[in-house]
Structure formats: structure tokens, C-alpha cells
Amino acid sequence: MPSEALDLSRLRPVLPSPLQPAEDERFARHGVRLLLKRDDLIHADLPGNKWRKLSPNLRAAAGRTVLTFGGAYSNHLRATAAAGRLLGFPTVGVVRGDELAGRPLNPSLARCAADGMTLHFMDRRTYRAKAAPEVLAGLLSTYGECCVIPEGGSNAAAAQGCTELGHELRGRADVVAVACGTGGTLAGLAAGLAPGQRALGVPVLRGGFLGDAVRELQQEAFGGAAGSWSLDERFHFGGYARTPPPLHAFADDFEQRHGLPVERLYVAKLLYALTTLTEEGAFPAGTTVAAVVTGRP
């Protein structure tokens, strides 16, 4: 494969992504300034943390087939498939749930297939053991030599890629908040911020596992703890892809206030968390908070 096929700069990403003020009386009356870090504008097909996490992994793959994992509505699978189409390398998506194999593809998986991704449906029990050597060996025996990227794209390379997000926000905010699925963005963001800044992660899954995941990623990527970060586990709304009516109402209102299309699975939960924390007095007057908008609806 020609090396220029993996020149990601030819995709013309918008970097650094814009940092926009959001005038909102719910923050202003507490003396808190809200900024929106518009990572959703980095690239139409690889927005937000998908660009930051995938780009170092794709450079390492060097044109080989990329095999990765995700659920039926995975943003990560869609972004990987799009990257394969744009840069000309094969992709394989291992999808959680073999019961999906006999059904019509949902719009997310249909987009993956249209972008050339081979979909491999795996039963849920095996999927839980997807990192086991015997499971990976079976996949590689089927698809040949592949660059394997974990679910959500979170590995040491991804965390290192996300340090640039922190670098772009140095000196721009006191607290930088991001919604978290697998922890890679938070691990790198915290490492990239300057001393005196802190990163706040808002998990969108329940289970309380994310702290250990972030610590493990930082160990792999940086050799140990890096930067100041914390988690607030209260805003998952019941778990991944759970978006009850109060969350939709909040997101609709935020869209009307700010003209920002609010993605519901991650970004809405982040913004809801920051609004609640501000009303609780979690941020002293004079604090500047930056919310990382990691994707679009």
C-alpha cells in the first residue's frame, strides 16, 4: 500500500478545534464561565475523540487490515469504517450480539457496511472475553494479519493521541470535562493539561469500573499517573444508550439556548452533569469550565 494512503493530513482535520464561549445564566449566576471545545468539528466522518484516538492507531497500522470491536450502535465502528473508506485500507468490525446476524442492519451498521467494513457478529458470552488470546487467535485465523484496536479505540496509543486535546486547552480553562465510555480520552486529556488544571470525567456507563481503566491506560501510555483527574459517576441515566425523557428535554433546551446540536449518548449527559454540578456549587465563582463536545447527533 502506498504510504501516502495513510497521510491523515490530506483529510484536512480542523485542528486545533474551536473553543467557543457559551453564555448561559445557569452558569453565570454562580460566577462560572462555560466554554465548548468543539471537537465535533474536527472532521465530518471522524469527529471528536474518534479522530484523536484513531489517528495514532491508524498510523501504526500502516495500511494493514484494522480489526476492532463495538456494539450495534458504536460510534467507534462507524469512524473506523469511514477511515478505511477514506484512506483505502480494509476494516473488520466485531459486533456484540450474534442474534443481530439474521436481522436487517440498523442505520449505524448499514453505514459501516456501506463504507466497506466486514461485519463479524459474535455471541455476547464470547464477546465479553474478546481480549482473551484464544478469541483473538480465532479472529486472526479467519481474517489474517490485522492490526487489532480495542473496543472504543482506547489503548496506550489512543491515550497518547488525546494528550493533544489537553495541550490545546492549556491555560484556557480551570476544569476540562469530558463524557467517558472506555476512558482513553480522559487518560490522555489529563496528561496533556498544565499543572493547576484538572480533568473531570462523566461516565455514560454504570458499573464503577472506569477509574481502574483510566489508571491502567495511563500506566501503559505514560508509565504511571499523569495529570489531575476525577470522575463523577452520577450521570449515566441508567447506563449506556439510556436516554430518558428528562435528558432529552434538557438537550432540546440546550440546543435552543446555544444553537448546538447535542448528541444524546455522551454530550447531553456531560452538559447535564456540568449544569447540575454548577447548581450544586461544585465550581467556585471565577471558575472557567470547558466541556469537550466529542461528537454530533
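**Helices α2 and α8, a pocket and a cavity in a predicted model**

User: In this predicted model, at which residue of α2 does a kink of about 30° lie?

Analyst: The kink in α2 is about 30°, and a proline, proline 56, follows shortly after the position in question. The residue at which the kink lies is serine 55.

User: What distance does helix α2 reach from its first C-alpha to its last?

Analyst: Helix α2 covers residues 49-61, which gives 13 residues. At 1.5 Å a residue the expected length is 18 Å, and the helix comes close to that value. From its first C-alpha to its last, α2 reaches 18 Å.

User: Is α2 mostly covered or mostly uncovered, and how many of its residues are buried?

Analyst: Taking buried to mean under 20% relative accessible area, the buried residues of α2 include Trp51, Leu54, Leu58 and Ala61, and also the charged side chains Lys50, Arg52 and Lys53. Ser55, where the kink lies, is buried as well. The helix is therefore mostly covered under that cut-off, with a buried count of 10 of its 13 residues.

User: Which elements do the buried residues of α2 pack against?

Analyst: The partners of these buried residues include both strands and helices. The strands are β2 (33-37), β3 (65-70) and β6 (146-149), and the helices are α3 (75-87), α7 (156-168) and α8 (184-192).

User: Which residue of α8 is missing from its buried set, or rather, how many of its nine residues are buried?

Analyst: Among the buried residues of α8 are Gly184, Thr185, Leu186 and Gly192. Their cover includes α2, α7 and β7 (175-180), together with β8 (198-203), α9 (210-222) and β9 (229-231). The helix is mostly covered, and its buried count is eight.

User: Which elements give two or more residues to the lining of the second largest pocket?

Analyst: The second largest pocket holds about 160 Å³ of space, and its lining includes Tyr73, Asn75, Arg78, Pro107, Ser108 and Arg296. By class, the lining residues divide into five nonpolar, two polar and four charged. The elements giving two or more residues to this lining are α3 and α4 (107-114).

User: Which residues line the largest cavity?

Analyst: A search of the whole structure finds one cavity of 30 Å³ or more, and about 30 Å³ of space lies in the largest cavity. Its lining has four nonpolar, two polar and one charged residues. The lining residues are Gly181, Pro203, Leu205, Gly208, Phe209, Leu210 and Glu233.

Notes. Residues are numbered from 1 along each chain as its sequence is written. This is a predicted model: local features need pLDDT of at least 70, side-chain atom pairs count only at pLDDT 80 or more; totals for chains, interfaces and linings use all residues. Side-chain values use heavy atoms; hydrogens and water are left out. Helices (H or I, at least four residues) and strands (E, at least two) are DSSP runs, numbered from the N terminus. The expected span of a helix is 1.5 Å times one less than its number of residues. The bend at a residue is the angle between axes fitted to the seven residues ending there and the seven starting there. Buried means under 20% relative accessible area, exposed over 50%, partly exposed in between (1.4 Å probe, protein chains only). Contact means heavy atoms within 4.5 Å. On a 1 Å grid over the protein atoms alone, a cavity is a set of points where a 1.4 Å probe fits but cannot get out, and a pocket is an open set with protein on both sides within 12 Å along at least five of seven lines; lining residues have an atom within 4 Å of a point. Grid points are joined across faces, edges and corners, and a volume is the space filled by probe spheres set on the points.
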